[in-house]
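Trainee: I am new to this structure and would like a close look at a single part of it. Could you take me slowly through one hairpin and what lies around it?

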Amino acid sequence: MALRFPESTSECIYFTNRQIEDTGKAIAWVYKKTCPQCKKAKMGKPVEKGKVKIRATEYVCPSCGYTEQKQPHEESLIVEVQYTCPYCGKSGEATTPFKRKAWNGIPSYVFECESCKKKIGITKKMKKAKGKSDEDGG
Ligand SMILES: [Zn+2]
Ligand SMILES: [Zn+2]
């Protein structure tokens, strides 16, 4: 299976480039979903006065206005990953549901190295918390 690398992060609702352990790395992305209702546009966070509402709890079709709640919308999507495995050093591609699971106790998008079958996690990016922690930034 050959993944298509996104041409622009604007095609994606999620894009990250991570170091994994000391020697591994992963680039992961999730494409925007085509609206299941009109199939004419990609769904995204609602836009108000030219600004994307990052904190919105729903995704909206800019063409027909069809709306899906954040959680079921995201859980219907797939994370595509290009990685270099920190355990065996091989590079490969993988996909995993866009839903975090615990990996070493940290919520992560977990996939399996196709060469050595070890689990690799793309952990949630920890923001330097200033005062209260921001739980669901990305
Ligand atoms: Zn639509
Ligand atoms: Zn491996």
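Mentor: Please keep in mind from the start that this is a predicted model, and let us begin with the two strands that make up the hairpin. Strand β1 covers residues 12–20 and strand β2 covers residues 24–31, and these strands run antiparallel to one another, joined over 8 bridges. If you would like one pair to find on the screen, take Gln 19, whose bridge partner in β2 is Lys 25.

Between the two strands of this hairpin there are 3 residues, and Glu 21 has its place in that loop between β1 and β2. What is the backbone doing at Glu 21? Its phi is near 55°, which is a positive value in a residue other than glycine. Is Glu 21 buried or exposed? Glu 21 counts as exposed because 10 other C-beta atoms lie within 10 Å, and a residue is called exposed if that number is 12 or fewer.

Now follow the chain along β2 and look at what else this strand pairs with. Strand β7, made of residues 78–84, pairs with β2 in the antiparallel sense, over 5 bridges, and Ala 26 is found opposite Tyr 83 of β7. β2 is therefore paired with β1 over 8 bridges and with β7 over 5 bridges, where a pairing calls for at least two bridges between the strands.

Beyond β2, in the loop that leads from β2 to β3 (47–48), you will come to Lys 39. Lys 39 is not a glycine, yet its phi is positive, at about 55°. Lys 39 is classed as exposed because it has 10 C-beta neighbours inside 10 Å.

Beyond β7, in turn, the loop between β7 and β8 (91–97) holds Lys 90. How far does the C-alpha atom of Lys 90 lie from that of Gly 24? The separation is 9.1 Å, although the two residues are 66 residues apart along the chain. Apart from neighbours within four places in sequence, Lys 90 has contacts with Cys 85 and Ser 115. Lys 90 is partly exposed, because 13 other C-beta atoms lie within 10 Å.

To set the hairpin beside another part of the model, turn last to the open sheet of 3 strands whose order is β9-β10-β11, with antiparallel pairing. Its edge strands, β9 (101–103) and β11 (119–123), each pair on one side only, and from one strand to the next the twist averages 65°. There, β9 and β10 (residues 106–112) are joined over 3 bridges, and Lys 101 has Ser 108 in β10 as its bridge partner.

Terms used: Residues numbered from 1 in each chain as written. Chains lettered and ligands numbered in written order. Predicted model: local features only at pLDDT ≥ 70, side-chain atom pairs only at ≥ 80, totals over all residues. Helix = DSSP H or I, 4+ residues; strand = E, 2+ residues; numbered from the N terminus. Axes fitted to C-alpha atoms, helices over the stretch in contact; angles between N-to-C directions. Buried ≥ 20, exposed ≤ 12 C-beta atoms within 10 Å, placed from the backbone. Contact = placed C-beta atoms within 7 Å.
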